[in-house]
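Trainee: Before we settle on any descriptive terms, could you take me through how each label is justified?
Mentor: Gladly; let us have the structure in view and take the labels in turn.

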Amino acid sequence: VQGNDSASLSYCAHELLSMGYYHFGLGSLARVPDRTEVMRRISTVYNVVRCPLHLFGVGSPHFLRQINSDWVASVDSSLPAKAAACNELFYSRPFRRYGIMTPDGVSRSKLPANRCVAEPLLCNCPVCVQDRSAVVRIGRRDHIRARAVHNYHHLRTTIESLM
């Protein structure tokens, strides 16, 4: 379902329903900075189609807690990969985000030093089970990929705990 306000989203949803569609996704939510507007868009589409939606670009567990779980079938997000590229690590139970710190105490992320780690926390993700230090290495593309897998694992764990 595409649109940039409630009226255009409602129109699009009605048109898709009349064409016989019965699974719906709502996209471009990552580019909407106002969470109230995101909630309004989700509500508008759900009230037309009356079935759970796939949400594109929603990866914040804190925000997902605010959405009626009956309205959401699935979500996707590029946030874990983007955070990995910015030298950030996710952990679950509870969900938290850390930057990577060099051994001499310098943050290698946008996060302040007091929100950074030089050593990885205990973790059972597929990367850390093989090599715990892989997620704190920086400088190469395979280091970013390792962090992305690690971050997706923890985001998924957190989201599944909300359901």
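**Reasoning from value to label**

Mentor: Two bridges join strand β5 (residues 96-100) to β6, and the two strands run parallel; keep in mind throughout that this is a predicted model.

Trainee: What makes β5 and β6 a pair?

Mentor: Pairing calls for at least two bridges between two strands, and β5 and β6 are joined by two bridges. Within this pair, Ile100 stands opposite Val117 in β6.

Trainee: How do you know that β4 and β5 pair, and in which sense, parallel or antiparallel?

Mentor: Four bridges join β4 to β5, which satisfies the requirement of at least two, and these strands run antiparallel. Phe90 stands opposite Arg97 in β5, while in the hairpin of β4 and β5, with four residues between the strands, Arg93 takes a positive phi near 60°.

Trainee: Why is the pairing in the sheet β4-β5-β6 called mixed?

Mentor: The open sheet of three strands has the order β4-β5-β6 with mixed pairing, for β4 and β5 run antiparallel, whereas β5 and β6 run parallel. β4 (88-91) and β6 (116-117) each have a single partner strand and stand at the edges, so one side of each is left without a neighbour in the sheet. Helix α6 (residues 141-162) lies across β4 and β5, running at about 30° to β4.

Trainee: What is the pairing in the sheet with the order β1-β2-β3?

Mentor: That open sheet of three strands has parallel pairing. Its edge strands are β1 and β3 (72-76), each of which pairs on one side only, and neighbouring strands are turned by 25° against each other on average, with direction ignored. β1 and strand β2 (residues 53-56) pair over three bridges in the parallel sense, against a requirement of at least two, and Gly25 stands opposite His54 in β2.

Trainee: Why are α1 and α2 called roughly parallel?

Mentor: The axes of helix α1 (residues 6-18) and helix α2 (residues 35-49) come within 9 Å and cross at roughly 30°. Angles under 35 degrees count as roughly parallel, and α1 and α2 are therefore described as roughly parallel to each other. The crossing in which α1 passes α2 is right-handed. On the α1 side, the contact is made by Ser6, Leu9, Ser10, Ala13, His14 and Leu17, and on the α2 side by Arg40, Arg41, Thr44, Val45, Val48 and Val49; by class, these are six nonpolar, four polar and two charged residues.

Trainee: Where does α2 lie relative to the strands?

Mentor: α2 lies across β1 and β2, and runs at about 155° to β2. Since an angle over 145 counts as roughly antiparallel, α2 is roughly antiparallel to β2.

Trainee: How do you know whether His23 is buried or exposed?

Mentor: His23, which is found in the loop between α1 and β1 (24-26), has a relative accessible area of 63%. Exposed means over 50%, so His23 is exposed. The C-alpha atoms of His23 and Pro120, 97 residues apart along the chain, are separated by 40 Å.

Trainee: What percentage of the 163 residues in the protein is buried?

Mentor: Buried residues, meaning those under 20% relative accessible area, make up 43% of the 163 residues. The C-alpha atoms of the protein fill a box of roughly 60 × 25 × 25 Å, taken along the principal axes.

Definitions and conventions:
Residues are numbered from 1 along each chain as its sequence is written. This is a predicted model: local features need pLDDT of at least 70, side-chain atom pairs count only at pLDDT 80 or more; totals for chains, interfaces and linings use all residues. Side-chain values use heavy atoms; hydrogens and water are left out. Contact means heavy atoms within 4.5 Å. Axes are lines fitted to C-alpha atoms, for helices over the stretch in contact, and angles run from 0 to 180 degrees between N-to-C directions. Angles under 35 degrees count as roughly parallel, over 145 as roughly antiparallel, 65 to 115 as roughly perpendicular and the rest as oblique. A crossing is left-handed if the near helix is turned anticlockwise from the far one by less than a right angle, and right-handed if clockwise. Ala, Val, Leu, Ile, Met, Phe, Trp, Tyr, Cys and Pro count as nonpolar, Asp, Glu, Lys and Arg as charged, and the others, Gly among them, as polar. Buried means under 20% relative accessible area, exposed over 50%, partly exposed in between (1.4 Å probe, protein chains only).
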